[in-house]
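Welcome! Let's walk through this structure together, one step at a time. Have a look at the sequence and the model first.

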Amino acid sequence: QVQLVESGGGLVQAGGSLRLSCAASGTIFRLDLMGWYRQAPGKQRELVATITRQGSTNYADSVKGRFTLSRDNAKNTVYLQMNSLKSEDTAVYYCNCNAITTRPGGSYNYWGQGTQVTVSE
């Protein structure tokens, strides 16, 4: 089993910045694709960004040029640097990963509990 713990959420003014972290723990052989999703009030969960083990990133159009996703494989941690924040970025942000827990095992998907990001305008 893999546990994902998010941190770094909070309240920030429009135009400000926040840095989210997600640390994976538990029985882990290898973490593969990792990323962040978000869910705003009254809306469905949407993809924010993903990153491969090799560092290749993919961003939603709404955050391109403002958000930067990175990872530290040695620490089993992924980071989301959020700049030029807007009120529309207000949401609960969820960490997600695909992981192999045993050497001959398959890949499974895991979710964190979520962290609140609120942007005031």
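In which sense do strand 1 and strand 3 pair, and over how many bridges? They run antiparallel to each other, with 6 bridges between strand 1 and strand 3. Within this pairing, Gln3 stands opposite Ser25 of strand 3. Keep in mind as we go that this is a predicted model.

Stay with strand 1 for a moment. Its covered face carries Val2, Leu4 and Glu6, while Gln3, Val5 and Ser7 sit on the uncovered one. This every-other-residue pattern is easy to understand, because side chains in a regular strand alternate between the two faces of the sheet.

Now let's turn to the interior. The largest nonpolar core has 31 residues, and those touching the most other members are Trp36, Leu80, Met82 and Tyr93. Several strands each supply at least two residues of this core, among them strand 1 (2–7), strand 3 (18–26), strand 4 (30–39) and strand 9 (91–100). Strand 9 gives the most, with 5 residues.

Tyr93 is a good place to see how parts of the chain come together. Beyond its neighbours within four places in sequence, Tyr93 is in contact with residues including Glu6, Leu20, Trp36, Leu80, Met82 and Thr115.

That last partner deserves a visit of its own. Thr115 is found in strand 11 and counts as buried because its relative accessible area is 12%, under the 20% cut-off. Setting aside neighbours within four places in sequence, Thr115 is in contact with Glu6, Gly9, Leu20, Trp36, Ala91, Val92 and Tyr93. With Gly9 there is a polar detail to look for: a polar atom of the Thr115 side chain lies 3.4 Å from the backbone nitrogen of Gly9.

Finally, let's look at the cysteines. How many disulfides does a search of the whole structure find? The search finds 1, formed by Cys22 and Cys95, whose sulfur atoms are 2.0 Å apart. The pair links distant parts of the chain, since Cys22 belongs to strand 3 and Cys95 to strand 9, 73 residues apart. The link of Cys22 and Cys95 is left-handed, with -85 degrees about the S-S bond. Cys22 is buried, at 0% relative accessibility, and Cys95 is buried at 0% as well.

Why does Cys97 not form a bond with Cys95? The closest cysteine sulfur to that of Cys97 is in Cys95, but it is 6.4 Å away, so the two are too far apart for a bond. Cys97 is buried too, with a relative accessible area of 0%.

Definitions and conventions:
Residues are numbered from 1 along each chain as its sequence is written. This is a predicted model: local features need pLDDT of at least 70, side-chain atom pairs count only at pLDDT 80 or more; totals for chains, interfaces and linings use all residues. Side-chain values use heavy atoms; hydrogens and water are left out. A nonpolar core is a set of buried Ala, Val, Leu, Ile, Met, Phe, Trp, Tyr and Cys residues joined through side-chain atoms within 4.5 Å. Buried means under 20% relative accessible area, exposed over 50%, partly exposed in between (1.4 Å probe, protein chains only). Helices (H or I, at least four residues) and strands (E, at least two) are DSSP runs, numbered from the N terminus. Contact means heavy atoms within 4.5 Å. A disulfide is a pair of cysteine sulfur atoms within 2.5 Å. Two strands pair if DSSP finds at least two bridges between them. A polar contact is a pair of N or O atoms within 3.5 Å; within protein, one must be able to donate a hydrogen and the other to accept it, and residues adjacent in sequence count only if both atoms are side-chain atoms.
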